[in-house]
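Please open the model in your viewer and follow the stops below in order. Each stop says what to select and what is there.

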Amino acid sequence: MNKFWQTCARCARTVRFSLSGRCGCGGTLLVEYDMERIRSTVHKSALKERPATMWRYKELLPLAREQSIVTLGEGWTPLLSMKPLERKLNVRQVWVKREEQNPTGSFKSRGFSSTISLLKEHGIDYVAVPSNGNAASAMAAYAARAEMRSAVIVPKDCPGIIIEECLRYGASTYVVDGMIHDASRIIEEGAQEQGWFHAGTLKEPGRVEGKKTMGLELAEQLGWMLPDVIIYPTGGGSGIVGMWKAFQELLQLKWIGGKLPRFVSVQEAGCQPLVDALRTGAFVPPSTETVTSKPTGLRVPNPPDGELVVQIVKQSQGTALGVTAEQIREAQMQMGRLGISSSPEGAATLAGLIQLREGGWITRGESVVLFNTSHADKYLPWTPPAAVPVIRSYEDLREHQRKAGRG
Ligand SMILES: *Cc1c(COP(=O)(O)O)cnc(C)c1O
C-alpha cells in the first residue's frame, strides 16, 4: 500500500521496518510513513466514502497489502456529547468516546486488528500476550479470525468473564499467580521452545499504530478540530503514544492545524507509577507488594516505556492524576445514570474530570473528551472455570502441557 520505516523515539535512529518494537538503545521504535506521498494522493474529504472501521485510515497503517487486513469491524465508535455533564460541571463541552462498542468490548480491538494483520502478513502463525484481561481477549479474537493459534497469560484475579472470553475464542489460557510483568517474563522464557510471537505492549509496532486510530478518528469526528483536553485511563500507555503520534501525523498532512490537546493520564491510586513519575521526575516502578488496586487496564506497575508516556504528557502540557476506587465507583454510577455502561477504567476518566474541574486545571470555556475504554459487564463477579491452570513460572506451564499430553 505505501512505504514505511521505523524511527526510535529515544535515539532518533531510523531503521528498516521489522516486527521489532524495540531499538538497541532500549527506546521504542515508531513507524513512519511517506507523508508527502500520502498528502498528495489522499484528500481528507475522500475518507467520508470509506468503511466505518479504523481501516478507513489504511494509508497510515503499516501493511504492505490490503488483503492482509484482519478485521472484526473495529473503530469508528460513537463520540457522544454529554450535555448533563457540561451543565453539572460548568464546562463548555464534554464528549465520551465509546470505545466499549468495539468488537471485543474494549479499545484493545484496534491494537490487535493491526497487530494480527501485520503478524499474519509476515507469516507468524502463533501469538502470545501477557495481559490484565482485555488485551488477552482481543488478541484471542483476532487470532481466531486470522486462523492463527494463540496463548494468553493473565493474573489470577483477572475478571472471570474475560478469562471465559479467551477460552471461547480458542486461546490456550493460563492464569499467573503474579502481575502482568510476571506473565510477560513467562512468555519471553517460552518463546523459543513454544514458537509463539510475544505480542506484549510495545514489543512490536502494530499495537501503537492501531491505537493511533483513536486520535485520527477523534479529529475526523470533530470536523478536523481537536478538544482542549483528552482524559485517558492509562496503564501501559500505548494509547497515549498512539494518539500523540496521530496528531503529529495529522499536522504533517496538514489535515489539522493549531494547538494540540493536553493529555491527562488517569490511574488508580493503588498503582500509579506514571502519576508519581510526573511528580518526582524519576520513574520508579512500585514493588508488587505495594500494589493495592484490582487488575484493570490501569494496573501496570512497570510499563515498557513509561518515560516516553511521561514525556508526551509533559510535552502536551498535560498532567497525570490518581483517583481512588471509591471515586471510580461513584463515577461509574454517574455514567450509568447518563446511559453509559463504563468499565472502572472508563469511569476513572470522569472521576479525573471532576477533580480537575474542581481544582480549576480545566476551565469553564474548555472542551474535554473522555475515553470510555470498556464496559461495565466484563467486571461482574464470575467464578473462572476450574479448567484454567494457575502457574507461577514457565516450568509450571511446561508441566501443565506435559500432563495435558502435549509435549
Ligand atoms: C488496556 C486498557 C487500558 C490502558 O490502556 P493503555 O493504552 O495500555 O495505557 C485502559 N482501559 C482499558 C479498558 C484497557 O483494557
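Select glycine 239 and the ligand: a polar backbone atom of glycine 239 is 2.8 Å from an oxygen atom of the ligand. The ligand alone exposes 380 Å², and the protein buries 96% of that area. Keep in mind that this is a predicted model.

Add glycine 235, where a polar backbone atom lies 2.7 Å from a ligand oxygen atom. Next, show the side chain of lysine 108; one of its polar atoms is 2.8 Å from an oxygen atom of the ligand. Now widen the selection to the 16 residues around the ligand. Those that come nearest are Lys108, Tyr232, Gly235, Gly237 and Thr373.

Then leave the ligand and select helix H11, residues 325-337, together with helix H12, residues 344-358. How do their axes cross? They cross at roughly 100 degrees and come within 8 Å. An angle from 65 to 115 degrees counts as roughly perpendicular, so H11 and H12 are roughly perpendicular to each other.

To see the contact, show the side of H11 with Gln327, Ile328, Ala331, Gln332, Gln334 and Met335. These meet Pro344, Gly346, Ala347, Ala348, Leu350, Ala351, Ile354 and Gln355 in H12. Colored by class, the contact has nine nonpolar, five polar and no charged residues.

Terms used. Residues numbered from 1 in each chain as written. Predicted model: local features only at pLDDT ≥ 70, side-chain atom pairs only at ≥ 80, totals over all residues. Heavy atoms only, no water. Axes fitted to C-alpha atoms, helices over the stretch in contact; angles between N-to-C directions. Helix = DSSP H or I, 4+ residues; strand = E, 2+ residues; numbered from the N terminus. Parallel < 35°, antiparallel > 145°, perpendicular 65-115°, else oblique. Contact = heavy atoms within 4.5 Å. Nonpolar A, V, L, I, M, F, W, Y, C, P; charged D, E, K, R; others polar. Near = heavy atom within 4 Å. Polar contact = N/O pair within 3.5 Å; in protein donor to acceptor, adjacent residues only side chain to side chain. Areas by Shrake-Rupley, 256 points an atom, 1.4 Å probe, with all protein chains shown as cover.
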